[in-house]
Amino acid sequence: MPNKYKKYALKKDARVGEIVKTYGVEFVNNPEHKPHMHNQNRPYLIIHREESGKFLALKLSSKIRGYMSEFKIFPSKYSENQILTKTSVADMRYITELEPQDITENGFILDENDL
């Protein structure tokens, strides 16, 4: 269930390569996907900022399934990390479109090697 008070939310800014925490959102390239009500706050990796102000992002998960399109992120490398606690995987199969109002908390920026 997306944030129903989105129009009243503060707009947060994010940079490419930053890990952010968001409300539940829908996939752009999978319209059949419906967000689960129990998965509201979730980390995402920002990969692109559009001219309209929206962000394209990859969903992060700590459940490693072994797909070839998964990219591992090790949070122990980043000292100011408060969003990721376990080794997480960015799933490259689904791209998510985020509004600036969807972002609830800014995290850390990946270094050049990880990005």
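The legends below describe close-up views of a predicted model. Local features need pLDDT of at least 70 and side-chain atom pairs pLDDT 80 or more, while totals for chains, interfaces and linings use all residues. Residues are numbered from 1 along each chain as its sequence is written, and side-chain values use heavy atoms, without hydrogens and water.

**View 1. The aromatic pair of Tyr 78 and Phe 108.** The structure holds 1 aromatic pair (ring centres of Phe, Tyr or Trp, for Trp the six-membered ring, within 6.5 Å). Tyr 78 and Phe 108 are stacked (planes under 30 degrees apart; over 60 is edge-to-face, the rest tilted), at 4.6 Å centre to centre and 25° between the planes. Tyr 78 lies in the loop between β4 (70-73) and β5 (88-98), and Phe 108, 30 residues apart from it, in strand β6 (residues 103-109); strands are DSSP runs of E, at least two residues, numbered from the N terminus. Both residues are buried (under 20% relative accessible area, 1.4 Å probe, protein chains only).

**View 2. The largest nonpolar core.** This core has 11 residues, including Ile 19, Ile 73, Tyr 78 and Phe 108; a nonpolar core is a set of buried Ala, Val, Leu, Ile, Met, Phe, Trp, Tyr and Cys residues joined through side-chain atoms within 4.5 Å. Another core, of 8 residues, lies apart from it and has Tyr 44 and Phe 55 among its members.

**View 3. Strand β1 (residues 18-22) and its partners.** Of the 5 residues of β1, 4 are buried, so the strand is largely enclosed by the rest of the structure. β1 pairs (at least two DSSP bridges) with β6 in the antiparallel sense over 4 bridges. It is also joined by 4 bridges to strand β2 (residues 42-49), again antiparallel. Thr 22 stands opposite Ile 103 in β6 and has Arg 42 as its bridge partner in β2.

Terms used. Buried < 20%, exposed > 50% of the residue type's maximum accessible area, 1.4 Å probe, protein only.
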